[in-house]
Amino acid sequence: MELQQMRYVVAIAETNSFTRAAERCLVAQSALSHQVARLERELGARLFERTSRRVRLTAAGAAFLHEARRCLEAAERAVEQVAAAVGEVRGPLEVGLIPTVAAVDVPGALRDFRRAHPGVRIGLRVGASDDLVEQVKEGEIEVAFLGLPTSARPEGVGIRELARDRHVAVVAPDHPLAAEESVSLERLAAEVFVDMPAGTAGRVQADLAFEAAGLGRDVAFEVSSAEYMARLVAEGLGVALLPSAYVPQLSGVSTLEITDATGRVEYVVWSRTGPTPAARAFLDILGVPAAGAAAD
């Protein structure tokens with residue numbers, strides 16, 4: 001059994017076609033088909049059901065595909081670790097972050113990382129904290145920056161706490177509250193809100209604060225971008241809660257302290273098995289020591 005055979009199986013499974021898989025792998029279709037047939041003989045089981053119209057994994061093929069991907073990932077990690085041992089950082093660096101991350105200048109860190117390691121392919125994804133944790137667990141991204149309530153903690157990943165913060169109220173400049181220095185959750189509960197989609201970590205933080213105070217609220221606008229939240233607030237369509245460390249970069253809105261605001265924690269996370277060489281180099285640029293950091 002060879003790694004190349006595994007790559008062929010993965011390519012066929014992902015394209016549902018021997019022809020497209022051969023094109024992806026830059027090999028003649030006859031050679032790819034021969035190698036897959038050879039692998040099937042060695043395993044004693046058919047991996048694909050083939051008709052004139054479609055290619056589909058068998059039960060044996062689905063089981064093999066899962067392990068083949070793991071083997072290929074392990075082989076890639078081995079190459080990266082050897083390169084790291086001789087001082088070369090290789091492999092991808094896929095970074096995930098929430099829209100309101102404030103503890104770290106992620107674009108600046110990525111710029112410095114690219115200058116230091118130009119051979120690494122960098123990617124960036126913006127999403128919700130819970131989704132990003134799952135992507136780190138699945139190996140889809142190497143590093144993620146999260147924001148969670150103080151009552152929550154990322155699980156199943158390596159973690160480092162970056163900062164603690166509190167929410168502030170964000171209102172339009174001509175809103176009656178804009179002239180105040182602070183406001184209570186009870187007073188805010190009478191307002192219409194702009195917030196993140198229900199179920200996301202950013203939304204949960206605000207929901208928990210009102211629930212703890214025994215209050216309900218009306219969330220009329222749900223958007224996935226904190227910047228767009230601020231645009232709606234600026235037009236007087238509602239008020240919002242956002243991290244105090246994030247709001248200075250917004251324009252066209254006013255902010256005020258919340259007397260009974262709940263806390264928020266920003267984390268950086270990586271694979272529980274340890275950061276890849278590229279991830280470790282990126283964390284080094286941030287001044288975040290991954291070695292010895294907690295793993296949940």
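Visitor: Which helices each supply at least two residues of the lining of the largest pocket?
Guide: This is a predicted model, so local features need pLDDT of at least 70 and side-chain atom pairs pLDDT 80 or more, while totals for chains, interfaces and linings use all residues. Residues are numbered from 1 along each chain as its sequence is written, and side-chain values use heavy atoms, without hydrogens and water. Helices (H or I, at least four residues) and strands (E, at least two) are DSSP runs numbered from the N terminus. The two suppliers are helix 4 (59-85) and helix 6 (129-137).

Visitor: How many residues of the lining of the largest pocket come from helix 4?
Guide: A pocket is an open set of points on a 1 Å grid over the protein atoms alone, where a 1.4 Å probe fits, with protein on both sides within 12 Å along at least five of seven lines; lining residues have an atom within 4 Å of a point. Among the residues nearest the centre are Glu73 and Arg77. Helix 4 gives the largest share of the lining: eight residues.

Visitor: How much space lies in the largest pocket?
Guide: The pocket has 28 lining residues. Its volume is the space filled by probe spheres set on the points, which are joined across faces, edges and corners. That gives about 920 Å³.

Visitor: How many residues of the lining are charged?
Guide: Asp, Glu, Lys and Arg count as charged, Ala, Val, Leu, Ile, Met, Phe, Trp, Tyr, Cys and Pro as nonpolar, and the others, Gly among them, as polar. Six lining residues are nonpolar and eight are polar. The charged ones number 14.

Visitor: Which residues touch the most other members of the largest nonpolar core?
Guide: A nonpolar core joins buried Ala, Val, Leu, Ile, Met, Phe, Trp, Tyr and Cys residues through side-chain atoms within 4.5 Å. This one has 36 residues. Strand 3 (93-97), helix 5 (106-116), helix 6, strand 5 (143-149), strand 6 (157-171), strand 12 (263-271) and helix 10 (277-286) each give two or more of them. Touching the most other members are Leu93, Phe113, Val143, Phe145, Val269 and Phe282.

Visitor: Which residues beyond its neighbours within four places in sequence is Val143 in contact with?
Guide: Contact means heavy atoms within 4.5 Å. On one list are Leu93, Glu94, Val95 and Gly96. Val143 also contacts Val268, Val269, Ala279, Phe282 and Leu283.

Visitor: How many residues make up the other core?
Guide: This core lies apart from the largest one. Its members include Ile12, Ala22, Leu39 and Val55. The count is 20 residues.

Visitor: Which residues in helix 10 are buried?
Guide: Buried means under 20% relative accessible area, exposed over 50%, and partly exposed in between (1.4 Å probe, protein chains only). Just after helix 10, Gly287 has a positive phi of about 75°. Within the helix, the buried residues are Pro277, Ala278, Ala279, Ala281, Phe282 and Leu283.

Visitor: What is the angle between the planes of Phe145 and Phe282?
Guide: The structure holds four aromatic pairs. Rings of Phe, Tyr and Trp (its six-membered ring) pair if their centres lie within 6.5 Å; planes under 30 degrees apart are stacked, over 60 edge-to-face, and the rest tilted. Phe145 and Phe282 sit 6.3 Å centre to centre, edge-to-face, with their planes at 80°.

Visitor: Why does this pair tie together parts far along the sequence?
Guide: Phe145 is buried at 0% relative accessible area, and Phe282 is buried at 0% too. Phe145 belongs to strand 5 and Phe282 to helix 10, so the pair joins parts separated in sequence by 137 residues.

Visitor: What is the centre to centre distance of Phe193 and Phe210?
Guide: Phe193 is in strand 8 (residues 192-195) and Phe210 in helix 8 (residues 201-212), 17 residues apart. Both are buried. Their planes meet edge-to-face at 80°, and the centres are separated by 5.5 Å.

Visitor: Is Leu26 buried or exposed?
Guide: Leu26 lies in the loop between helix 2 and helix 3 (29-43). Its phi is positive, about 55°, although Leu26 is not a glycine. At 78% relative accessibility, Leu26 is exposed.

Visitor: Where is Asn16?
Guide: Asn16 has a positive phi near 55° and is not a glycine. At 47% relative accessibility, Asn16 is partly exposed. Its place is the loop between helix 1 (3-15) and helix 2 (18-25).

Visitor: Which residues beyond its neighbours within four places in sequence is Ala60 in contact with?
Guide: Ala60 is in helix 4. At 32% relative accessibility, Ala60 is partly exposed. Its contacts are Ala45, Arg46 and Leu47.
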